[in-house]
Amino acid sequence: MIFTLKEVVQWLGMTAFEIWINIVTVLIFSIMLAFKIESVIDITWWDVFIPLFTCDGLNAYFCAIVFIRLWIDRELRTAGLRAIWSTLVLVLIFIFEFLLCQKLAGENNLSYSLIMSPIFILLQVLMIRACQVG
């Protein structure tokens, strides 16, 4: 079953623009990751993760703009809920990316189960949101 864009936007709580930004940066990250693993280019793990960190920053900036516009339009409840949801998702994703990058660079010795814990939390929150929306 293929989901429509409307369903994906509703379940993830992201706009089509945010989804597009994520797709483009994951593509760039994947190319850089393949080059790093195959030793085509000699870059650090922090350099490989730059597209993902940039994506987080752009999404945070976009969410701030949407929050301000909703606030100005006096849609306070919608603005607050969207700000809380977007902040939660962005923080969990950033923590995961940061911890994974540190692990790959050899700067910490955390287990992968601890590194993946923000993703597990995010999946649980997404399941709750899918039940509320559906």
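The lining of the largest pocket in this predicted model comprises, by class, 16 nonpolar, five polar and three charged residues. In total, 24 residues line this pocket, and its volume is about 490 Å³. Met14, Asn22, Val89, Ile93 and Leu122 are the lining residues that lie nearest the centre of the largest pocket. Of these five residues, Met, Val, Ile and Leu belong to the nonpolar class, whereas Asn belongs to the polar class.

Several helices contribute to this lining. At least two residues each are supplied by helix H2, spanning residues 16–37, by helix H4, spanning 50–72, by helix H5, spanning 76–105, and by helix H6, spanning 112–133. Helix H5 provides the largest share of the lining of the largest pocket, amounting to seven residues.

The second largest pocket has a volume of about 280 Å³. The class composition of its lining is six nonpolar, four polar and two charged residues. From the N-terminal part of the sequence, the lining includes Val9, Gln10, Gly13, Met14 and Thr15. The remaining lining residues of the second largest pocket are Leu70, Thr78, Leu81, Arg82, Ile84, Trp85 and Arg129. The two charged residues of this lining are Arg82 and Arg129. Helix H1, which covers residues 5–12, and helix H5 each supply at least two residues of the lining of the second largest pocket. The largest share again comes from H5, with five residues. Helix H5 thus provides the largest share of the lining in the largest pocket and in the second largest pocket. Met14 likewise appears in both linings, being among the residues nearest the centre of the largest pocket and among those that line the second largest pocket.

The pockets are set in a protein chain with six helices and zero strands. From the N terminus on, its elements follow the order α-α-α-α-α-α. The C-alpha trace spans about 50 × 35 × 25 Å along its principal axes. Of the 134 residues in the protein chain, 28% are buried, where burial denotes a relative accessible area under 20%. The protein chain exposes about 8,900 Å², of which 72% is supplied by carbon and sulfur atoms. Among contacts between residues at least 6 apart in sequence, 53% join residues at least 24 apart.

Technical notes
Residues numbered from 1 in each chain as written. Predicted model: local features only at pLDDT ≥ 70, side-chain atom pairs only at ≥ 80, totals over all residues. Heavy atoms only, no water. 1 Å grid on protein atoms, 1.4 Å probe; cavity = no way out; pocket = protein on both sides within 12 Å on 5 of 7 lines; lining within 4 Å. Points joined across faces, edges and corners; volume = space filled by probe spheres on them. Helix = DSSP H or I, 4+ residues; strand = E, 2+ residues; numbered from the N terminus. Buried < 20%, exposed > 50% of the residue type's maximum accessible area, 1.4 Å probe, protein only. Contact = heavy atoms within 4.5 Å. Areas by Shrake-Rupley, 256 points an atom, 1.4 Å probe, with all protein chains shown as cover.
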